[in-house]
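Colleague: I am new to this structure. Please take a close look at the pockets for me, and at what surrounds them.

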Amino acid sequence: MIMEGLYSFIILVICVGQWVLSKIIDVGEEEMRDTPVYKWYLLGSWALLLPILILVWTMDRSRPYPIWPFLLSVIFCFRGYMEWKYIRETRQHQVSILLAAVSLCFTGLMILILLLKY
């Protein structure tokens, strides 16, 4: 029950963090879909997201799994890199990198829980 709550909390923090950081950091109007590499951006994002979706559907939610917040941070790092490289002037990459750092913090928290509990 506690771990299910933590998983929900992580998703809530990521979603609210995305929204709040986009308001705090003036990200501009341009988006990745306006770039010629948009299809590669989508392909890479889906390729990284697919293992997370499979893991979330198959994992026991009563145990800590630090791999999925780590995979979230990998997705945010990929997104941040692509935004930095192709739409740097929007500063959207700063939001992505901060969300990657938050995901890494949750990864560390889950590793700590795993070490203390099991």
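The reply below starts with the pockets and then turns to a helix and the cysteines.

Modeller: This is a predicted model, in which local features need pLDDT of at least 70 and side-chain atom pairs pLDDT 80 or more, while totals for chains, interfaces and linings use all residues. Residues are numbered from 1 along each chain as its sequence is written, and side-chain values use heavy atoms, without hydrogens or water.

The largest pocket (an open set of points on a 1 Å grid where a 1.4 Å probe fits, with protein on both sides within 12 Å along at least five of seven lines) has a volume of about 250 Å³. Its lining (residues with an atom within 4 Å of a point) consists of 13 residues, and Glu-31, Met-32, Tyr-41, Glu-83 and Gln-92 are the closest to the centre. By class, five of the lining residues are nonpolar, three polar and five charged. Two helices (DSSP runs of H or I, at least four residues), α2 (38–58) and α3 (67–86), each give at least two residues to this lining.

The second largest pocket holds about 210 Å³ of space. At least two residues of its lining come from each of α1 (2–24), α2 and α3. Among the lining residues are Glu-4, Tyr-7, Ser-8 and Ile-11, along with Leu-49, Ile-52, Leu-53, Val-56, Met-59, Arg-61, Trp-68 and Leu-72. Nine residues of this lining are nonpolar, one is polar and two are charged.

Tyr-7 also belongs to the buried residues of α1 (under 20% relative accessible area). The others are Met-3, Leu-6, Ile-10, Ile-14, Gly-17 and Leu-21. The cover over these buried residues includes α3 and α4 (92–117), counted by contact (heavy atoms within 4.5 Å). α1 has 23 residues and reaches 31 Å from its first C-alpha to its last. That is close to the expected 33 Å, taken as 1.5 Å times one less than the number of residues.

As for the cysteines, the whole structure has zero disulfides (pairs of cysteine sulfur atoms within 2.5 Å). The sulfur of Cys-77 has its closest cysteine sulfur in Cys-105, 12 Å away, so the two are too far apart for a bond. Cys-77 is partly exposed (20% to 50%) because its relative accessibility is 38%. Cys-105 is exposed (over 50%), with a relative accessible area of 58%.

Key
Grid points are joined across faces, edges and corners, and a volume is the space filled by probe spheres set on the points. Ala, Val, Leu, Ile, Met, Phe, Trp, Tyr, Cys and Pro count as nonpolar, Asp, Glu, Lys and Arg as charged, and the others, Gly among them, as polar. Buried means under 20% relative accessible area, exposed over 50%, partly exposed in between (1.4 Å probe, protein chains only).
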